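Colleague: I would like to learn how to read a model like this one, feature by feature. Where should we start?

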Amino acid sequence: MEYKILSSLNTSNAVPSILVVPLFEDASYVKNGPKEAETLLKNREMQKDFQAKQGEIMVMIPDQKNLPGKIILWGLGEKKKLTSQKIRGLSAQLARAIRPLKKGEFALWCTDAMGSLAQALGEGLAFGNYTLAKFKTGKEQAELAEQTLRKISFILPKPLAKFEEKIRKGLMIAEAVGETRDDVNAGPSLKTAEYLAEKSRKIARENGYSIRIFDKRELEKMGMNGILGVNRGSDIGAKLVVMEYTPKGTAKNPPVVLVGKGVIFDSGGYNLKPSMSLFEMQLDMAGAAAVMGLFKLLKKTGIKQRVVGIFPLTDNLVDAKSQKPSDVVTTYSGKTVEIINTDAEGRMILCDAISYGVKQYKPRYLIDVATLTGACMIALGDRYAGLFGNDAGLTEKLRKAGEATDELAWPMPIHPDHRAKMKSKIADLRNWDEVPHAGASKGAAFLQEFVGDTKWAHLDIAGPAFVKDPKPYDSQMGTGFGIRLFLDFLENLR
Ligand code: BES
Ligand code: ZN
Ligand code: ZN
């Protein structure tokens, strides 16, 4: 979305067709509004009808010259209660209210209070412009396209520090998150391993990152049998994508390594999922998608930390060649795993990617992000990711980044007994314990076997990655969860 920063309503002789005036409940309208609209805003009738409660929106059609065709009063509630979380949601709702007017643009009057909230404001406005229109056709598609907002003019009666920088950043982040949502929502026959690997190559090329994409044959040579075992039922070869962002002067620093689960479609394999659990299983690459989405933003937001993104990409399907329960797999680490349940495939592809990250990069931190267990979703619902790890400092940093971005993560335990449950009678480990209790913790405990003494955290995003009951700035289905959390985490690393 384009934007413009103006100092008054009437610059370049063009009065905008829609002007939004934000108003607080606890301040007089007139003082806060633009001079040009003063008489209108003084109107007593209006003051009765519109109380500037949080989220209240009123459209007015002034019959005066030199005024916009429509003035929208936008209630922000009590000034001291307005947080970045709130403005992100409110501005998404505002954009959604303006879209049906089909003007494609509007102007927003910005007062002092918007200065510190500008990034969240930008994010919210762009999120509000996001729709699930990608696969629509005909009338409905045309209608949604006509409603698209293309430009917002921000009117600053007084200059606000770094306002433009923050707005640009907010818009850019939300647009990258929107593209990630589209990837997560897309059907598995479109977003194949091949397709996502190519997309990653494009991101790397555009930003000057180095990238390696290992194909099935290379994975065979390397002994990545965790990934290959899951891939056996698919006629599309698995890929392992490794991307590196090395800003100036950091080539010798140990990187932060982010590992994302990229299961293109999780049928469960021979432990086939029931119908009601199958139909949304294109979501199972949301971890990989979050890492990809983050890489769209690392350079553009000027992150100063060296970051490596690693994500295995494969389907988990049923075929005569598929891996079977009771198979034993020798993973890239050398450890053997007894496959008890072919539906516990995420940990089988992640363990190879994690071992590779540890061995190749000796990371400062290794964080994996995965739609790993339904158990985590049952425990925490869709507002919190499960947060596990072996380093209190790292998990606290991630928890804080979650709070700051409203991508919340709740600390969860790994008990030595959970690790004990993942031992096998005939192999080093098993991938599943038939007792369903503490499924999220046991999944994390399995992954921990592959990190050694690397400082590690695991985010189980099965709940918040794909939702039925979206937050005000989200949409149904894929949310792009994790990108904003990781950006904030990386920005605040010293
Ligand atoms: N991809 C699923 C987890 C999942 C479920 C994500 C629902 C999002 C929504 C994972 O591979 C899986 O199948 N987990 C099993 C447990 C596993 C230990 C057999 C599950 O959740 O039932
Ligand atoms: Zn599964
Ligand atoms: Zn899965």
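Colleague: Let us take strand pairing. Which residue stands opposite Val59 in β4?

Modeller: Keep in mind that this is a predicted model. To read a pair of strands, find the partner across the ladder, then the sense of the pairing. Here Ile72 in β4 is the residue opposite Val59. The two strands, β3 and β4 (residues 70–75), run antiparallel and share four bridges.

Colleague: What is the strand order of the sheet they belong to?

Modeller: Read across the sheet from edge to edge. The order is β1-β6-β5-β2-β4-β3, in an open sheet of six strands with mixed pairing. At the edges are β1 (2–6) and β3 (57–60), each of which pairs on one side only. From one strand to the next the twist averages 20 degrees.

Colleague: Which strands does helix α4 touch?

Modeller: For a helix on a sheet, list the contacts, then take the angle to a strand. Helix α4 (residues 84–98) packs on this sheet and touches β2 (18–23), β3, β4 and β5 (105–109). The direction of α4 makes about 155 degrees with that of β4.

Colleague: Now the metals. Which protein donors does the zinc ion (ligand 3) have?

Modeller: Start with the donor atoms and their distances. For ligand 3 they are Lys261 (NZ), Asp266 (OD), Asp284 (OD) and Glu345 (OE), at 2.0 to 2.4 Å from the zinc ion. Along the chain their spacing is K-x4-D-x17-D-x60-E.

Colleague: Why is the arrangement around the zinc ion (ligand 3) octahedral?

Modeller: The angles decide it. The six donor atoms around this zinc ion subtend angles of 78 to 172 degrees, so the arrangement is octahedral. For six donors, that label requires opposite donors over 155 degrees apart and all others between 65 and 115.

Colleague: And which protein donors does the zinc ion (ligand 2) have?

Modeller: The zinc ion (ligand 2) has Asp266 (OD), Asp343 (O), Asp343 (OD) and Glu345 (OE) as protein donors, lying 2.0 to 2.2 Å away. Their spacing along the chain is D-x76-D-x1-E. The six donor atoms of ligand 2 give angles of 71 to 166 degrees, and the site is irregular.

Colleague: How far apart are the two zinc ions, and which residue coordinates both?

Modeller: Compare the donor lists for a shared residue, then take the ion-to-ion distance. The zinc ions (ligand 2 and ligand 3) are 3.2 Å apart, and Asp266 coordinates both.

Colleague: Is Asp343 buried or partly exposed?

Modeller: Check the relative accessible area against the 20% limit for burial. Asp343 has 22%, so Asp343 is partly exposed. Glu345 has 1% and therefore counts as buried. Lys261 and Asp266 are both buried as well.

Colleague: What does Asn185 contact beyond its sequence neighbours?

Modeller: Place the residue before listing its contacts. Asn185 is in helix α7 (residues 163–185), and with 11% relative accessibility it counts as buried. Leaving aside neighbours within four places in sequence, Asn185 is in contact with Tyr130, Leu132, Gln282, Phe466, Met477 and Gly478.

Colleague: Last, the interior. Which residues touch the most other members of the largest nonpolar core?

Modeller: Look for the best-connected members, then for the element that contributes most. In this core of 90 residues they are Trp74, Phe106, Phe154 and Phe489. Helix α12 (residues 286–298) supplies the largest share, ten residues. Apart from this core lies another, of 40 residues, including Met224, Val242, Leu447 and Val451.

Technical notes:
Residues are numbered from 1 along each chain as its sequence is written. Chains are lettered from A and ligands numbered from 1 in the order in which they are written. This is a predicted model: local features need pLDDT of at least 70, side-chain atom pairs count only at pLDDT 80 or more; totals for chains, interfaces and linings use all residues. Side-chain values use heavy atoms; hydrogens and water are left out. Two strands pair if DSSP finds at least two bridges between them. Axes are lines fitted to C-alpha atoms, for helices over the stretch in contact, and angles run from 0 to 180 degrees between N-to-C directions. Contact means heavy atoms within 4.5 Å. Donors are N, O and S atoms within 2.8 Å of the metal (3.2 Å for Na, K and Ca); water is not among the atoms, so sites may look incomplete. Four donors count as tetrahedral if all angles lie between 85 and 135 degrees; four count as square planar and six as octahedral if opposite donors are over 155 degrees apart and all others between 65 and 115; anything else is irregular. Buried means under 20% relative accessible area, exposed over 50%, partly exposed in between (1.4 Å probe, protein chains only). A nonpolar core is a set of buried Ala, Val, Leu, Ile, Met, Phe, Trp, Tyr and Cys residues joined through side-chain atoms within 4.5 Å.
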